[in-house]
Each structure stands twice: as structure tokens, then as C-alpha cells.
Amino acid sequence: MILAALTASVLFSAPARAVEPPLLEVVSRRVIAPASFIPVSNAPKSAPLSLVVEAGSGWDGPGFLEGVLGKASSIFGQCGLALGPAEVLTVRWTPEGLRRLNVANPYAGPAQMAVMDEPLLPAGRPAGFLFARSVPSTASAYNVRSVETLG
């Protein structure tokens with residue numbers, strides 16, 4: 001009885017952690033196999049890829065990503081590298097996610113760095129972000145500091 005009361009007092013007296021609002025909602029997740037890329041690359045080495053696609057952006061139309069990934073893979077193929085399986089995560093950004101993306105400090109790296117700590121995003125692979133018009137531009141300028149932090 002004493003142990004239960006002591007445990008309860010410790011649990012309820014611990015400082016409350018601020019709960020971070022989610023940055024996105026996952027709409028769907030799929031993997032596009034390299035054999036689906038148009039054209040197929042036969043480069044000797046391959047690297048996996050993760051793409052975060054904003055729902056309703058048009059990037060997720062039937063066959064669209066397969067064609068774009070094929071073109072990208074053929075460009076990389078000139079260097080002996082093909083794109084491997086592409087994990088595609090279609091998301092809806094929450095107001096907090098959009099706020100972070102739209103007010104990111106360009107001197108600290110690309111806007112996408114502001115949401116990379118989201119646990120629902122794929123980790124450990126190169127990630128590409130494909131937006132609708134909710135983020136003003138997908139063009140990024142980099143300075144020396146942002147390149148050093150990415151490397």
C-alpha cells in the first residue's frame with residue numbers, strides 16, 4: 001500500500017512534458033520498385049530513395065512518379081548509380097508543419113530541414129519533398145553552413 005502511494009506520488013509529481021503537435025498526417029505509403037521506372041536503368045549500383053509527397057499536389061497521379069523516377073535514374077545512371085526502391089509517403093501537412101516549412105531560416109539550410117525531426121518521416125535515406133502550392137517555392141539556395149550541416 002505504501003509502495004503504491006509512493007509510486008503514485010512520484011508519477012503525478014513529475015513535470016509534464018510539452019506534447020509536440022504533429023507536423024503531418026500520413027495519407028498513404030507505398031513502394032515503387034525500380035522495375036516500374038520508365039525507363040529502367042541498368043546501372044551497377046543503386047541507392048534507395050524516400051519521397052514525401054503532399055496530398056493533392058499532382059505529384060501522385062497514376063504513373064507520374066514512375067516516369068520522373070525513371071528520368072532521374074537515367075541521369076544518375078551516367079555516373080553508374082541507379083535509384084533503388086522509392087518509398088513514397090503521401091502526407092497532409094498540419095498547420096504547425098506548414099508554419100515550420102514556410103518560416104524556416106534559409107541560412108540554416110533548406111526549409112525541409114525544419115520538419116526532418118518528424119518521427120513519421122522515413123529516416124536513414126535521402127528524402128525528396130514534393131509540394132503543392134502550400135510552400136511558396138521548391139527552389140532552394142544553399143550557403144556553406146547549410147551544406148556543412150547536411151554532410
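**Surface, sheet, cores and salt bridges**

The protein exposes about 9700 Å², and carbon and sulfur atoms supply 64% of that. The model behind this value is a predicted one. Of the 151 residues, 30% count as buried. The chain folds into 4 helices and 4 strands, and reading from the N terminus the elements go α-β-β-α-β-α-β-α. Much of the contact map is about reaching along the chain: among contacts between residues at least 6 apart in sequence, 82% join residues at least 24 apart.

Next comes the sheet. Its 4 strands form an open sheet in the order β1-β3-β2-β4, with mixed pairing. Strands β1 and β4 (127–130) sit at the edges, each pairing on one side only. On average, neighbouring strands here are turned by 25 degrees against each other, ignoring direction. Strands β1 and β3 run antiparallel and are joined by 8 bridges. In that part of the sheet, Val31 stands opposite Glu87 in β3. Helix α2 (residues 64–77) lies across β1, β2 (45–54), β3 and β4, and runs at about 145 degrees to β3.

Now for the inside of the protein. In soluble globular proteins, nonpolar side chains tend to be buried together. Here the largest nonpolar core has 12 residues, among them Leu23, Leu24, Val52, Leu89, Val91, Trp93 and Leu101. Strand β3 gives this core its largest share, with 3 residues. There is also a second, separate core of 11 residues, including Leu51, Val53, Leu69 and Val88.

Val52 gives a good look at the larger core. This residue is found in strand β2. With a relative accessible area of 2%, Val52 is under the 20% cut-off, so Val52 counts as buried. Leaving out residues up to four places away in sequence, Val52 touches Leu89, Val91, Trp93, Leu121, Pro122, Gly128, Phe129 and Leu130. Take Leu130 from that list: Val52 and Leu130 are 78 residues apart along the chain, yet their C-alpha atoms are separated by 6.2 Å. Leu101 is another member of the 12-residue core. Setting aside neighbours within four places in sequence, Leu101 is in contact with Trp93, Ala111, Gln112, Val115, Phe131 and Val135.

Buried residues can be polar too, and Thr90 is a case in point. Thr90 has its place in strand β3, and its relative accessible area is 6%, so Thr90 is buried. Beyond its neighbours within four places in sequence, Thr90 is in contact with Glu25, Val26, Val27, Ser28, Val53, Ala55 and Asp60.

That leaves the charged side chains. Side chains of opposite charge can pair when their charged atoms come close. A search of the whole structure turns up 5 salt bridges. In one of them, the side chains of Glu25 and Arg92 meet at 3.6 Å, N to O. Glu25 belongs to strand β1 (residues 24–32) and Arg92 to strand β3 (residues 81–93), so this pair ties together parts that are 67 residues apart in sequence. Both partners have some surface: Glu25 counts as partly exposed at 43% relative accessibility, and so does Arg92 at 44%.

A second salt bridge joins Glu87 and Arg29, with the closest N and O atoms 3.0 Å apart. This pair also links distant parts of the chain, as Glu87 is in strand β3 and Arg29 is in strand β1, 58 residues apart. The two ends have unlike surroundings: Glu87 counts as buried at 15% relative accessibility, whereas Arg29 counts as partly exposed at 48%.

A third salt bridge, between Arg99 and Glu96, brings the closest N and O atoms to 2.9 Å. Arg99 and Glu96 are 3 residues apart in helix α3 (residues 95–102), so about one helical turn separates them. Arg99 is partly exposed, with 45% relative accessibility. The story does not stop at this pair, as Glu96, Arg99 and Arg100 are linked in a network of salt bridges.

Technical notes
Residues are numbered from 1 along each chain as its sequence is written. This is a predicted model: local features need pLDDT of at least 70, side-chain atom pairs count only at pLDDT 80 or more; totals for chains, interfaces and linings use all residues. Side-chain values use heavy atoms; hydrogens and water are left out. A salt bridge is a side-chain nitrogen of Lys or Arg within 4 Å of a carboxyl oxygen of Asp or Glu. Helices (H or I, at least four residues) and strands (E, at least two) are DSSP runs, numbered from the N terminus. Buried means under 20% relative accessible area, exposed over 50%, partly exposed in between (1.4 Å probe, protein chains only). Two strands pair if DSSP finds at least two bridges between them. Axes are lines fitted to C-alpha atoms, for helices over the stretch in contact, and angles run from 0 to 180 degrees between N-to-C directions. Contact means heavy atoms within 4.5 Å. A nonpolar core is a set of buried Ala, Val, Leu, Ile, Met, Phe, Trp, Tyr and Cys residues joined through side-chain atoms within 4.5 Å. Accessible areas come from the Shrake-Rupley method with a 1.4 Å probe; for residues, only the protein chains shown count as cover.
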